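Subject: Structure for you to look at

Hello,

Here is the structure I said I would pass on. Please open it beside this message and follow along.

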Amino acid sequence: MECRQCASSLERPGDYCLVCRSANTDTVVIDCERERATVTCLLDDEIVAQRTVTTSIETDDRWAPAERRNYAGRIADEVRRKRPEEVYATGERDIVRATRAELHYPFYRVEDDDPIEAVRRKRGDTALEVIEASFQEKLGGSHSTVIGGRDGRQVLQTVASHPHVKKLIPGPIDAGGSGSRTGVRAKVTRADDNGNVRLLIRDGSSVQENRVVTTAGDRELGEHVRDDLNEVLQEAELTE
């Protein structure tokens, strides 16, 4: 395949061109199975490349984590070659989560029997502004205490890392609730008319309600962001 801008030869179809510094892929869709992942590259909704990454499952507990990391790393390497605007993934949660951790592009989970067609439909929706800022830059408000210690802070960092989250404002802690469950659990609630949501963090009987300002702008788009945030928390095993 040649670069669409300068006609230079590309090592693999859909690769970012290092000669004229232009992209030949705008979206990547990853369909992850435990032993095989298909990486599909789209440009203006047309498939320009498709590549399969495979692994052999390691049954020895000593080496299994390294095998999963290497598998996710090779999937991520295939994405990085393309330098896409956004990435969508479906399939095995552990592999999706590990791949997400390797990448720094807007990353979304998609659930559909035909993920490529689902992404095409989703891309037809109104595009939301992407916020590229650090956790500290997104964190605001006068309440600096977060319940749940390290796990509670992980919840905030997970939500703040979402590309459509502008600001995360921790709220006061209500320690008067009733609850017998141990461990930190989180849930993102229904969007308001401005597309903003609430992040509830529970730790035993204590509850903290945190305001999440998104780039959605209205309730309908805010619900898309809410669903995606809950998916991310579920992947991190932090949901209620």
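Apart from its neighbours within four places in sequence, R12 is in contact with R51, E78, R81 and K82. The side chains of R12 and E78 are joined by a polar contact of 2.5 Å. R12 itself sits in the segment before strand 1. It is 37 residues away from A49 along the chain, yet the two C-alpha atoms are separated by 8.2 Å. With a relative accessibility of 22%, R12 counts as partly exposed.

Keep in mind that this is a predicted model. The mean pLDDT of the chain is 90, and 94% of the residues reach 70 or more. Among the elements, strand 2 (residues 36-43) has the highest mean pLDDT, 98, and strand 5 (residues 107-109) has the lowest, 86. Where pLDDT is low, the predicted coordinates should not be read in detail.

The sheet

Five strands make up an open sheet with mixed pairing, and their order is 3-2-1-4-5. Strand 3 (46-54) and strand 5 are at the edges with a single partner strand each, so one side of each has no neighbour in the sheet. From one strand to the next, the twist averages 20°.

To trace the sheet, begin with strand 3 and strand 2, which pair in the antiparallel sense over eight bridges. Within this pair, V39 stands opposite R51 in strand 3. You have met R51 already, as one of the contacts of R12. Strand 2 and strand 3 form a hairpin with two residues between them, and D44 in the turn has a positive phi of about 55°.

Strand 2 also pairs with strand 1, again in the antiparallel sense, over six bridges. Here T27 has L42 in strand 2 as its bridge partner. These two strands form a hairpin as well, with three residues between them. Six of the eight residues of strand 2 are buried, so this strand is largely enclosed by the rest of the structure.

On the other side of the order, strand 1 (residues 27-32) is joined to strand 4 (residues 86-91) by six bridges, and the two run parallel. D31 stands opposite T90 in strand 4. Helix 3 (residues 115-123) packs on the sheet and touches strand 1, strand 2, strand 3 and strand 4. The direction of helix 3 makes about 145° with that of strand 1.

One residue in strand 4

E86 belongs to strand 4. Is E86 buried or exposed? Its relative accessibility is 17%, and buried means under 20%, so E86 counts as buried. The side chain of E86 makes a polar contact of 3.4 Å with the side chain of Y88. Beyond four places in sequence, the contacts of E86 are D26, T27, V28, P106, Y108 and R123.

Two helices

Helix 1 (residues 64-80) has 17 residues. From its first C-alpha to its last it reaches 24 Å, close to the 24 Å expected at 1.5 Å a residue. The buried residues of helix 1 are A64, E67, Y71, A72, G73, I75, A76, E78 and V79. What do the buried residues of helix 1 pack against? They pack against strand 1, strand 2, strand 3, strand 4 and helix 2 (93-102). E78, buried in helix 1, is also the residue whose side chain makes the polar contact with R12.

Helix 6 (residues 219-235) also has 17 residues, and its reach of 24 Å is close to the 24 Å expected. At its start, a side-chain oxygen of D218 comes to within 3.2 Å of the backbone nitrogen of E220. Among the buried residues of helix 6 are L221, G222, V225, L229, V232 and L233. The list also includes E223, D228, E231 and E235. Helix 6 is followed by E237, whose phi is positive, near 60°.

Positive phi values

Most residues other than glycine have a negative phi. Two further exceptions can be looked up in the model. A7, in the segment before strand 1, has a positive phi near 65°. At 42% relative accessibility, A7 counts as partly exposed. R83 lies in the loop between helix 1 and strand 4, and its phi is positive too, near 50°. R83 is partly exposed, with a relative accessible area of 40%.

Regards

Terms used
Residues numbered from 1 in each chain as written. Predicted model: local features only at pLDDT ≥ 70, side-chain atom pairs only at ≥ 80, totals over all residues. Heavy atoms only, no water. pLDDT = per-residue confidence, 0-100. Helix = DSSP H or I, 4+ residues; strand = E, 2+ residues; numbered from the N terminus. Pairing = 2+ DSSP bridges. Axes fitted to C-alpha atoms, helices over the stretch in contact; angles between N-to-C directions. Contact = heavy atoms within 4.5 Å. Expected span 1.5 Å × (residues − 1). Buried < 20%, exposed > 50% of the residue type's maximum accessible area, 1.4 Å probe, protein only. Polar contact = N/O pair within 3.5 Å; in protein donor to acceptor, adjacent residues only side chain to side chain.
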